[in-house]
Amino acid sequence: MFYREAGQFKTSYAADQQMLPIPMDRYFVIGVVLVAAILIPAFGSQYWIESIMVPVLILSIAAMGLNILTGYAGQLSLGTGGFMAAGAYMSYKVATNMPDFLPVWIPVLVGGLFAAAVGIAFGLPSLRIKGFYLAVATLAAQFFLLWLFQSIPWFVNNSVSGVPSAPPTTILGYHVTGAQAIPEAKYLFVLTFVVILAIIARNMARSRVGRSWMAIRDMDIAAELIGIRPLQTKLSAFAISSFYCGVAGALWSFCYINTVEPTAFDIGRSFDVLFMVIIGGLGSVLGAFLGAAFIFLLPIFLNNVPGWFGLEIATDIVAHLEFMIFGAAIIFFLIVEPHGLARLWQIAKEKLRLWPFPH
Amino acid sequence: METFANLLGVDPFSIWFFFEVLIGGLMAGVMYSLVALGFVLIFKASSVFNFAQGVMVLFAALNFVGFLEVFSDLPVVLQVALAFIVTMAVMILLALVVERVVLRPLVNQAHISLFMATIGIAIFLEGFGELIWGSNIKPLDIGIPDDVTFVGDAMIQDSDLFAAIVASILVVTLALFFHYTRIGRALRAVADDHQAALSIGIPLNHIWIIVWSVAGFVALVAGIMWGSKLGVQFSLSILALKALPVLILGGFTSIPGAIVGGLIIGAGEKLAEIFLVDAIQTYIYSGFPAAIEEWFAYILALGFLVFRPQGLFGEKIIERV
């Protein structure tokens, strides 16, 4: 009753092919973006914007990236952290060595492009190696890249500590990166990237390139037989996925942790992003956001629960319990909703369509 | 530039030094194989890529050390034996719980979901083990010899030798178990073809419990070996990540593959760490960073895989449309 796909007649091809052809979807998404862009920075508290919204949005970019590779193209990757690090280190290098008049989004994009190149290099074996063999092989990217950035001082301008802080940069006179930036400015900077990258991801998924990814995912030999080139398809998935991860890594360093450090991109990060993709829903842009929010907020939530009930538990026991509950929650979600949180959204739409009649 | 061999005060070109590094590497490889074996067993019987194997090693070792303390007023032999038996009971219980709570509800789901579930198990066990037994480093000493033996001029750690012997006994025992017992035959049948095994009345659920218990047993042995070498601590579960390149090198479905893969990775890693880095530093670029141990195994395995995508001993992958 509230939501219907039937009866939405279009009179031009342009209207029929737009990204969100159903008006309800369109108004809903525009509404969410407006709330995110205007209401949250205007009324949200500093803590929420800086410590929750910014990291969740950045991780959504990384999750979108991994979703392109794993959800759409079917190539399991455990090297996300390495690709994020590639983006972070390269954009730091560019940001600290470029002339001042260039805008700050350039180093972020260069970081993404560098990550894409690295992704292509580590994607090459995917032409021969499949499934879990590939997953373990991508761990090579994770360990090799982190080692590379840690042990070659060129990337951090020969900084003595090896952990330089993010360069402060401005747009229209406002600091958007580094420690001086106000949370709202960082947030809007990140949000711009998120919106643009989400639109691109959504459009890629329903265009020729996205369909060839899905064909390769569903059965690569069959895809090859109907004329999809595995080389281009797989490598483009690796490149674009790594681009997203690289941008996410650069933003993570510049706008969230304010330093460029290898520990932020360790193997734990790779698994976190993979969890976001699986819990959120494979092959869904919406799922990337839901998954990122869920995985990032769950530990924070678990950390605060004892406080709400006034329980005094030693911090190390809380940490162990947190691990246990996190692990159990992941298993629980995999069992009750194997298709991820995005599937719940589908079910909700179904209900809205049928309401008030059950069939 | 001072090279590693100079630092040790040995002639880097001596054949004995080469042998010493090689044997040290092979022995380290045996330790990786012990962890990889557990992965292979579970993958063969249920096609589950069990990421929790590394944490199972840690969990088993934590329990073993904990129960050693519980039985500390008994004579040593009895103490070790009792701790071993009780820990084994814990691992079997774990197998039961995992089968009932995790595997059974997830049966027929995508492989990646099961893989993620085992990461969930890993995270859970990590918290659970340390919640019960605490998170400080515990020494483990059950009388494994820690002298050194000299073969020519090459020095060999006795504990490494001991680990190699234990690993061989373990592999022979597993091979006998698989070939000459009823359960072993059932396990091989399931590994060969799930559907056919089901149709002749082999209960898959029981097989999973058994195979997870056997993997628990292997994890316990590996945990004791690793624990007496490094102390029982959190980093054991990270060390287990080294078993992954061993696994892809040897093939997910092959027990000999796990052993040979472990030996190749172990020896290759140690030789590269000393001789390759030395050569690069001497002839190509003196500023080349030394610690390549973190990633070398992966790159080595990746190189092998490009030529044999199913690993050295894995079953040939036949693809049909």
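**Close-up views of chains A and B**

**View 1. Meet A:Leu34, a residue of helix α2 in chain A.** Helix α2 of chain A covers residues 23–43, and A:Leu34 is found in this stretch. The model shown here, as in every view below, is a predicted one. A:Leu34 counts as partly exposed because its relative accessibility is 48%, a value that lies between the 20% limit for buried and the 50% limit for exposed.

**View 2. A:Leu34 helps to make a nonpolar surface patch.** Its partners in the patch are A:Tyr27, A:Ile30, A:Val35, A:Ile38, A:Leu39 and A:Phe43. With A:Leu34 included, the patch has an area of about 750 Å².

**View 3. Helix α3 of chain A, from residue 46 to residue 72.** Follow the 27 residues of this helix from the first C-alpha to the last and you travel 36 Å, close to the 39 Å expected at 1.5 Å a residue. On the way, look for A:Leu66, where α3(A) bends by about 30°. Most of α3(A) is covered, with 21 of its 27 residues buried. Just after the helix comes A:Gly74, which takes a positive phi of about 75°.

**View 4. Chain B, with its 13 helices and 2 strands.** Chain B is as compact as a globular protein of its length, because its radius of gyration of 21 Å is close to the 20 Å that the globule rule gives for 321 residues. Taken along the principal axes, the C-alpha atoms of chain B fill a box of roughly 65 × 65 × 35 Å. Of the 321 residues in this chain, 52% are buried.

Notes. Residues numbered from 1 in each chain as written. Chains lettered and ligands numbered in written order. Predicted model: local features only at pLDDT ≥ 70, side-chain atom pairs only at ≥ 80, totals over all residues. Heavy atoms only, no water. Helix = DSSP H or I, 4+ residues; strand = E, 2+ residues; numbered from the N terminus. Expected span 1.5 Å × (residues − 1). Bend = angle between axes of the 7 residues up to and from the residue. Buried < 20%, exposed > 50% of the residue type's maximum accessible area, 1.4 Å probe, protein only. Patch = residues over 30% accessible without salt bridge, like charges linked within 9 Å, V, L, I, M, F, W, Y side chains within 5 Å. Areas by Shrake-Rupley, 256 points an atom, 1.4 Å probe, with all protein chains shown as cover. Salt bridge = Lys/Arg side-chain N within 4 Å of Asp/Glu carboxyl O. Rg over C-alpha atoms; globule rule 2.2 N^0.38 Å.
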